[in-house]
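Welcome, and please take a moment with the sequence and the structure before reading on. The notes below are meant to be read with the model open beside you.

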Amino acid sequence: ILTVLLSGSLGDAIMKILPGVSFAVVIFSRLPQIAKNQRQRSTGQLSIFTYILYMGGAAVRVFTSITDKAGAVMIAGYIISVSMNTTIFMQIVMFGSGDSKGTKKAAKAKAKPKGAPKRVQKAKDSDSDSDDDDVDETPSKVVRRRRA
């Protein structure tokens, strides 16, 4: 593929369209992320530093594309990239990174013990004249109760 691109056999029209294809990839990679962040009201593990670098890099590309008269497709693509990265950056600032609400609910559900504690009947000691002792076993502690 690289040899075909570098050979010049594709023509100017196709070479002008190819940057637009890369910007379509940027759009279709960022839009689902933006929608997911908005739905969950969280950005998960996204790094604010990474998106600062993305925004800065794309802004520099806009500036250099304008000064080098690169063309409307290139400039529009980099402006779209800046706006998408700025949107995700603002979501990180507004929602904060970390666990989403769905993840917190799942963690709470795992922490709660399920069902009633198991009841184990203790064997009678031959020395003991007491009634049966029942033991409630829970993950955190063992509670002993006497039956009357």
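What follows is a short tour, starting with the whole chain and then moving to one helix, the core, the aromatic pairs and a loop. Please keep in mind that this is a predicted model. The protein chain holds 5 helices and 3 strands, and from the N terminus on its elements run α-α-α-α-α-β-β-β.

**The chain as a whole**

- Of the 148 residues in the protein chain, 19% are buried.
- If you look at contacts between residues at least 6 apart in sequence, 54% of them join residues at least 24 apart.

**Helix α3, end to end**

- Helix α3 covers residues 48-67, and its 20 residues should span 28 Å at 1.5 Å a residue. The C-alpha atoms at its ends are 29 Å apart, which agrees with that expectation.
- At the N-terminal end, Ser47 acts as the cap of α3, with a side-chain oxygen 3.3 Å from the backbone nitrogen of Phe49.
- After α3 comes Lys69, which has a positive phi, near 50°.

**The two sides of α3**

- Which residues of α3 are buried? They are Tyr51, Met55, Ala58, Val62 and Ser65.
- These buried residues lie on the same side of α3, because they cover an arc of only 95° around the axis.
- The spacing has a simple background: an α-helix has 3.6 residues a turn, so residues three or four places apart point the same way.
- The cover over the buried residues of α3 includes α2 (12-40) and α4 (72-95).
- Turn to the other side of α3 and you will find Phe49, Leu53 and Phe63 exposed.

**The largest nonpolar core**

- Eight residues form the largest nonpolar core: Ile34, Leu46, Tyr51, Met55, Met84, Ile88, Phe89 and Ile92.
- Two elements, α3 and α4, each give two or more residues to this core. The largest share comes from α4, with 4 residues.
- Met84, a member of this core, is a handy place to zoom in. Leaving aside residues up to four places away in sequence, Met84 touches Ile27, Arg30, Leu31 and Ile34.

**Aromatic pairs**

- How many aromatic pairs does a search of the whole structure find? There are 2.
- One of them joins Phe23 and Tyr78 edge-to-face, at 5.1 Å centre to centre and with 80° between the planes. This pair links distant parts of the chain, as Phe23 is in helix α2 and Tyr78 is in helix α4, 55 residues apart. Both Phe23 and Tyr78 are buried.
- Tyr51 and Tyr54 also form an edge-to-face pair, at 5.1 Å centre to centre and with 85° between the planes. Both lie in helix α3, 3 residues apart, about one turn of the helix.
- Tyr51 counts as buried because its relative accessibility is 8%, under the 20% cut-off. Tyr54, with a relative accessible area of 37%, is partly exposed.

**A serine in the loop before α3**

- Ser42 sits in the loop between α2 and α3.
- Is Ser42 buried or exposed? With a relative accessibility of 4%, Ser42 counts as buried.
- A polar atom of the Ser42 side chain lies 3.2 Å from the backbone nitrogen of Gly44.

Notes:
Residues are numbered from 1 along each chain as its sequence is written. This is a predicted model: local features need pLDDT of at least 70, side-chain atom pairs count only at pLDDT 80 or more; totals for chains, interfaces and linings use all residues. Side-chain values use heavy atoms; hydrogens and water are left out. The expected span of a helix is 1.5 Å times one less than its number of residues. Buried means under 20% relative accessible area, exposed over 50%, partly exposed in between (1.4 Å probe, protein chains only). The arc is that of the directions from the helix axis to the C-beta atoms. Contact means heavy atoms within 4.5 Å. A polar contact is a pair of N or O atoms within 3.5 Å; within protein, one must be able to donate a hydrogen and the other to accept it, and residues adjacent in sequence count only if both atoms are side-chain atoms. A nonpolar core is a set of buried Ala, Val, Leu, Ile, Met, Phe, Trp, Tyr and Cys residues joined through side-chain atoms within 4.5 Å. Rings of Phe, Tyr and Trp (its six-membered ring) pair if their centres lie within 6.5 Å; planes under 30 degrees apart count as stacked, over 60 as edge-to-face and the rest as tilted.
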